[in-house]
Amino acid sequence: MSQSQSNVEVEEFAFQAEINQLMSLIVNTFYSNKEIFLRELISNSSDALDKIRYLSLTDKTVLDSNPDLKIDIIPDVANKKLVIRDSGIGMTKSDLINNLGTIARSGTKNFMQAIKEGVEDISMIGQFGVGFYSSYLVSDKVTVVTKNNDDEQYIWESEAGGHFTVQRDVTGEPLGRGTKIILHMKEEQTDYLKERTIKDLVKKHSQFIQYPISLQITKEEEVDDDKETKKDDKDKSDAQVEEVDEDEEKKKDKKKKKVEKKEWEQLNKTKPLWLRNPKDITKEEYGAFYKSITNDFEDHLAVKHFSVEGQLEFRAVLFVPKRAPFDMFESKKKPNNIKLYVRRVFITDNCEDLIPEWLSFLKGIVDSEDLPLNISRETLQQNKILKVINKNITKKAIELFQEISENKEDFNKFYEAFSKNIKYGIHDDTTNRDKLAEFLRFHSTKSGLEMTSLKDYITRMKEGQEFIYFVCGESKKAVEESPFLENLKKKGLEVLLMSDPMDEYAMQQLKEFEGKKFKNITKEGLELATDEEEKKKQEELKKATEQLCTVIKDTLGEKVEKVATSQRLSSSPCVIVTGEFGWTANMERIMKAQALRNSGMGSYMTSKKTLEINPSHPIIIELRKKVEKDKSDKTVKDLVWLLFETALLTSGFNLDEPTTFASRIHRMIKLGLAIDETETEISDKTTGDEDIPALEEEGGDANEMEKVD
């Protein structure tokens with residue numbers, strides 16, 4: 001005998017105090033990200049489906065009441081309702097009463113405490129096991145219809161007013177098994193009933209839920225208008241038979257009308273590829289998956305698909321794109337391109353601690369089994385599990401780079417796009433510095449057009465060579481022609497040529513490779529003399545130029561720390577080297593180019609300069625003779641300044657007073673062209689430089705200058 005719903009006993013219950021406070025907070029407080037309600041409800045449905053599937057492993061009959069495991073979403077625009085229905089385990093009457101209202105959960109209290117402490121992120125609600133109540137962000141009344149295999153079908157209903165009702169459902173549609181949540185939407189939240197909005201939210205948060213999520217959509221379809229056809233037939237029988245044009249007759253027969261038709265559309269067709277065995281996945285499938293999560297128009301360069309098991313469980317798919325993003329080192333961009341999922345539910349793609357910054361070019365997903373569902377951003381930053389995930393991703397990324405390096409063509413593409421990231425990693429990641437150094441590639445004095453690795457460099461080192469020599473500069477052309485290379489080339493020693501600004505930062509941290517220390521040939525302390533005879537010759541030359549070195553130091557004053565003979569020059573007269581500690585000339589140039597640099601830093605990081613002279617060079621020999629003849633020779637002083645400023649340029653420094661240098665060059669040109677000027681005009685050119693005397697105009701001195709030049 002059928003029973004009407006009105007005759008069924010309705011039981012009313014009061015919400016537990018803390019739940020009442022929570023609901024009051026949700027209803028009365030403004031949150032901008034209200035969209036998370038759908039993620040929470042779908043996650044709950046997925047959990048309910050997991051539970052019934054787990055029971056079915058030992059008892060298949062539990063699925064007899066409804067064999068299809070699925071989630072349906074039904075928007076009812078006319079009545080302003082949104083229905084989320086699943087065929088999960090369902091709830092008994094006692095489950096409804098306990099789970100949705102009366103039993104105090106520790107999570108409720110913790111969540112309320114977090115809100116009081118200023119955590120504004122409502123999306124963390126699911127972490128505390130009270131995600132269901134996010135329904136009240138968008139609805140003013142919620143109805144829950146549920147059926148468990150062990151009980152009757154019941155209805156739970158509440159308007160969040162401190163009470164809820166529970167009654168047996170005797171007239172509603174039989175669910176068989178599962179739960180149907182009906183949200184009576186607030187006036188201002190009806191946007192969530194639009195098909196496009198629902199599709200976007202499911203794609204963003206729940207596209208990898210393992211059960212099919214279907215949306216009931218409304219389509220307009222043209223069908224024959226039966227009423228119109230019948231009317232036409234009657235008119236034809238009553239009227240006289242007339243000749244009618246055939247085309248006109250066809251038009252009458254084809255009268256159509258538009259009708260609305262309900263259809264189901266599955267929203268999560270992209271399967272969670274990371275759950276499958278990598279051996280069963282084709283390159284094309286990886287490519288399609290990469291494009292679906294990144295919107296990249298190109299295929300990926302390489303992929304790493306792995307899982308970690310043990311105390312911590314997570315799966316990940318990492319992709320290396322073919323080209324670097326244009327905003328890779330922009331400060332305001334997202335910290336990484338890795339999407340974090342917890343049990344196939346999207347959590348965030350903006351988690352700073354998931355991977356180190358130097359790996360920010362990697363794209364892909366990480367799906368953790370251990371993180372709390374819907375964990376908040378604040379909690380994420382302190383979670384130890386994240387640190388373990390970070391460590392494992394870094395390890396696997398390095399393995400992936402190793403795999404790429406086995407294919408020369410692919411590695412060249414990779415290095416061209418992401419060499420700066422590798423160098424940034426060497427600067428930043430102390431743990432993996434040595435492993436990353438294996439991926440470095442540089443041009444060298446012996447590599448020609450190809451780039452060489454550090455391992456290959458070591459195989460070509462001369463017997464007895466202690467150091468890996470390198471030089472940094474503004475461009476490849478500049479370092480290839482650097483005067484610092486002269487003697488090393490002559491001795492057959494290979495030098496690495498570095499022209500990327502990131503090289504300076506990386507080499508500050510990378511002190512050695514496979515037991516061989518690095519040596520910057522632009523810094524002092526370069527010893528190239530190998531045998532006793534050569535060392536003896538160096539000592540003799542040093543002694544012979546002592547007086548000249550003193551005169552040069554006195555002339556230049558504080559511009560240089562000291563003046564010494566050089567072992568690195570063969571064809572240049574002099575060069576400026578920097579101290580063992582502090583910035584090189586190239587680093588000084590890079591730091592000066594920083595728009596937002598701390599100007600105070602330059603005062604203590606700028607290295608002291610040493611002028612090294614080549615005692616075998618004709619200019620230095622002539623200068624030495626002039627000094628021995630007359631220490632106060634004015635021509636010597638002018639030439640010393642000219643040599644010093646020229647050495648600054650060839651050594652990679654900038655001139656503090658380029659006009660003064662230009663003035664000297666102009667005077668040399670006039671001297672060479674025998675252009676006669678009065679002393680007054682010449683002194684005007686050198687106004688304000690008392691330390692740098694004008695060139696003597698007497699013929700004898702001019703001849704001396706020409707001879708030296």
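Buried, for a residue, means under 20% relative accessible area, exposed means over 50%, and partly exposed covers the range in between. With that in hand, here are some exercises on this predicted model.

**Exercise 1. A salt bridge with two ends**

Task: Find out whether K70 and D72 are each buried or partly exposed, and what joins their side chains.

Solution:
- Step 1. Begin with D72, whose relative accessibility is 4%. This is under the 20% limit, so D72 counts as buried.
- Step 2. Turn to K70, with a relative accessible area of 32%. That value makes K70 partly exposed.
- Step 3. Look at the contact: the two side chains meet in a salt bridge, 3.7 Å from N to O.

**Exercise 2. A pair within one helix**

Task: Work out how K396 and E399 are placed along their helix and what contact they form.

Solution:
- Step 1. Locate the pair: E399 and K396 belong to helix α10, which covers residues 384-405.
- Step 2. Because they are three residues apart in this helix, about one helical turn separates them.
- Step 3. Check the contact: K396 and E399 form a salt bridge, and their closest N and O atoms are 3.7 Å apart.
- Step 4. Add the surroundings: E399 is partly exposed, at 28% relative accessibility.

**Exercise 3. A link between two loops**

Task: Explain which parts of the chain are tied together by R460 and E494.

Solution:
- Step 1. Start from the contact: the R460 and E494 side chains meet in a salt bridge of 2.8 Å, N to O.
- Step 2. Place each partner: R460 is in the loop between α13 (454-459) and β17 (467-472), while E494 is in the loop between α15 (486-490) and β18 (495-498). The pair therefore ties together parts that are 34 residues apart in sequence.
- Step 3. Compare the cover: R460 is partly exposed at 34% relative accessibility, whereas E494 is buried, with a relative accessible area of 2%.
- Step 4. Widen the view: salt bridges with shared partners also join K70, D72, R85, E173 and K180 into one network. The structure holds 34 salt bridges.

**Exercise 4. Patches on the surface**

Task: Name the residues of a negative patch and of a nonpolar patch, and place one member of each.

Solution:
- Step 1. For the negative surface patch, the members are E352, D353, E357 and D428.
- Step 2. Place D428: this residue lies in helix α11, residues 408-428. With a relative accessible area of 43%, D428 is partly exposed.
- Step 3. For the nonpolar surface patch, the members are I669, L673 and I675, which together have about 290 Å² of accessible area.
- Step 4. Place L673: this residue sits in the loop between α23 (658-672) and α24 (679-685). Its relative accessibility is 59%, which is over 50%, so L673 counts as exposed.

**Exercise 5. Cysteines and a distant pair**

Task: Say how many disulfides there are, and how far apart T650 and V575 are in sequence and in space.

Solution:
- Step 1. Apply the cut-off: a disulfide needs two cysteine sulfur atoms within 2.5 Å. The count comes to zero disulfides.
- Step 2. Consider two cysteines: C549 is buried, with a relative accessible area of 10%, and C574 is buried as well, at 6%.
- Step 3. Move on to T650, found in helix α22 (residues 634-650). T650 counts as partly exposed, at 41% relative accessibility.
- Step 4. Relate T650 to V575: they are 75 residues apart in sequence, and their C-alpha atoms are 7.3 Å apart in space.

Terms used: Residues numbered from 1 in each chain as written. Predicted model: local features only at pLDDT ≥ 70, side-chain atom pairs only at ≥ 80, totals over all residues. Heavy atoms only, no water. Patch = residues over 30% accessible without salt bridge, like charges linked within 9 Å, V, L, I, M, F, W, Y side chains within 5 Å. Areas by Shrake-Rupley, 256 points an atom, 1.4 Å probe, with all protein chains shown as cover. Salt bridge = Lys/Arg side-chain N within 4 Å of Asp/Glu carboxyl O. Lys, Arg positive; Asp, Glu negative; His and termini not counted. Charge placed at Lys NZ, Arg CZ, Asp CG, Glu CD. Helix = DSSP H or I, 4+ residues; strand = E, 2+ residues; numbered from the N terminus. Buried < 20%, exposed > 50% of the residue type's maximum accessible area, 1.4 Å probe, protein only.
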